[in-house]
Amino acid sequence: MCSKIIPDALRFLKILRTLQDEGRDSCIYEDDVQILKVDGKRSLCDIFNGDRPVFICEKIIIPDALRFLKILRTLQDEGRDSCIYEDDVQILKVDGKRSLCDIFNGDRPVFICEKIAPDVLDPDDDEEIESHSGDETSQEAKMEPGPQPLSISKARQLLSWYTISQNAAVPPGESLPCPIPLLPLWVRCDMTDPAATAWLAAEVVCPGVKLYSVTCKGSTVDKSTFITLDELKQEHKKRHHQSPFQMVSRGWSQYSLFGSTVVENTTIQSQSSVTADFRWNHVQSILESPPLSSTATLNIKVSSGDPRSPMFQMFRELEFLQILAEGLRTGETEWMEPLETSSAVDLIREYLDELQNTVKNLQNQSAKETQTGKVKMDSAVEASIFSNLMERGDLDFIEQLWVRMRKSVTSYQDVRDCLKLVIQALQYGDIKPWIHRDSSSSLSKLILQSYHHQMDHVSLSGFTPVHMLLEMGLDKMRKDYINYLIGQELTTLNHLSYFLNTEVDLQEQVIRLRKLHHLLEIMVTCSSFLGLPYDRLFLLTQSCLQYYKTCPYDEDHEFNLPIKPALISHFYQKEPAMSWGVMLSSGHGPKEVRTSWYLSDKPLVDHVIFDTDFQNEVTVNGDSEAAAYFTTMTCCSLVNFSV
């Protein structure tokens, strides 16, 4: 009996000795046993208290690994985006950078394994839901559940199959075919283990795999519970034994410069936001402010219609323009509430009488009307500097008509009656109005004809009056935007030609004007609220113009602008960061390994609900309470396959 056991023991000893002395991390023994050399303290958690490596033997389940490999290979090669595995596991192929947020830095697709979400509604509850269809509870019941995590044991099982399937050292025969690298595999975990693991992952690198673990903690304001930079470095060293050992530290953070604010315990919500991202090397301490040598980028997302914006009055003007365009398209118009107490017809008649009875030139009259309008504008935006820049002193006759009509008309009949008064005054020669040379509206052509007493007949029936009014508004607002952009030397007429083209149909003209308005909203936000210098505004203008020449209107699009930290230091140096992180890295290329620690005002994990009583209450350029942060730690280990 002993003579039979001793050769087996010697052979097993030889395998262990080779694994220990040659720096390898794993090997296969007797076709169905995998031997791993791992960190005992981490791998055995509370079971083993030693601080040195240990051997772990585990059974290789080749058939299961083969079946799992086949599923992943089909998903990867056939262009599919998802599939079901073993009835309760859903495998998705997604964009890694978007789906894993700040956890994964790769720029290629990844597999994500998650538990199949339970049915949204229980069939037995259908009647109850229908009877309370208007209730808030029923609305919540109908909401689709978010992604669901798997147990830690299931996650480890899936990762072991993934790893085995990519190990070329697995014996041939009944085992695996020659492996072709798979996309990285990430598995959602339920955080029920002592380390609170939220993700486990593996990524194929030659000649082995990188194993990732992501752990999370709920929100806290107690900074004394945060890991120190030295402790993080020690954590990194535990996994990576390189000689000579080189470690690089990189920091990143994000600050909110403009967005929702809290005033007297009341949150003023805003769909607009300007955040600043910072990147720097040689981190000295946790939560340090970005040095002035950092690389900084502004992320600018602006929504039109913010009452705080100096552009709000122009937004309302554009809104009326869009209502007219929609009315032409659908045949139905929802008129805005009038801003004037007098009727539209009375306002236009009064204006035409003034033109007939005055001997003052039209330019002085225009300046007077502009000054009158200025009082209302300034009171609305509290004497904003920008409003002065937008106002023009050269409003012509048609633009003056537009200003009056857009504030007072409430029906098709109003529009028709107003234009009828104007056309009659032109026909009888009662007025000889001045208009801009480049005016392109139908009314401007009639005015030019009236100079020679040869006016075409115009039938003010159907939608013709609304069509004429829309042209008047387009002409006026285009000149408003040109006045600012050219006046501030942010662009040239050449670069604006796409937006000013009058040869496309009216609906397309409105769309392009809306894009131009959005551009100005962005410029005003960055100029009025952030005080950006001319060179940055110029660069941002060119970026926006280029984007909107080829892309549809999109208020959710985020424009990026490189900037020197010194230009915005007064915004962020006294404010808590929205997020802050540090990454330690060793090695190069495929063998680079990283350990990162991340603070954020929102959890980076969307498949686990965190219990917390803390909420950030931060104001822009104001006093702020201590910021509450979620912590996320990502660890990476490199495991080489035996050859």
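This report looks at one buried residue, one helix pair and one set of strands in a predicted model.

## Ground rules

Residues are numbered from 1 along each chain as its sequence is written. Because the model is predicted, local features need pLDDT of at least 70 and side-chain atom pairs count only at pLDDT 80 or more, while totals for chains, interfaces and linings use all residues; side-chain values use heavy atoms, leaving out hydrogens and water.

## Around F104

F104 sits in the loop between α4 (96-99) and β6 (109-115); helices (H or I, at least four residues) and strands (E, at least two) are DSSP runs, numbered from the N terminus. With a relative accessible area of 5%, F104 is buried (under 20%, with a 1.4 Å probe and protein chains only).

Not counting neighbours within four places in sequence, F104 touches G96, K97, V110, P184, W186 and E203 (contact is heavy atoms within 4.5 Å). Y212 is 108 residues away along the chain, yet its C-alpha atom is 9.6 Å from that of F104.

## Strands β16, β17 and β18

Take β17 (residues 593-600): 7 of its 8 residues are buried. Strand β16 (residues 579-586) runs antiparallel to β17, joined by 8 bridges (pairing takes at least two DSSP bridges). Here S579 stands opposite S600. The two strands make a hairpin with 6 residues between them, and G587 in the turn has a positive phi of about 85°.

β17 also pairs with β18 (residues 629-640), antiparallel again, over 6 bridges. W597 has M633 of β18 as its bridge partner.

## Helices α10 and α13

The axes of α10 (residues 344-357) and α13 (residues 397-406) are 10 Å apart, at an angle of about 150° (axes are lines fitted to C-alpha atoms over the stretch in contact, and angles run from 0 to 180 degrees between N-to-C directions).

Note on methods: Buried < 20%, exposed > 50% of the residue type's maximum accessible area, 1.4 Å probe, protein only.
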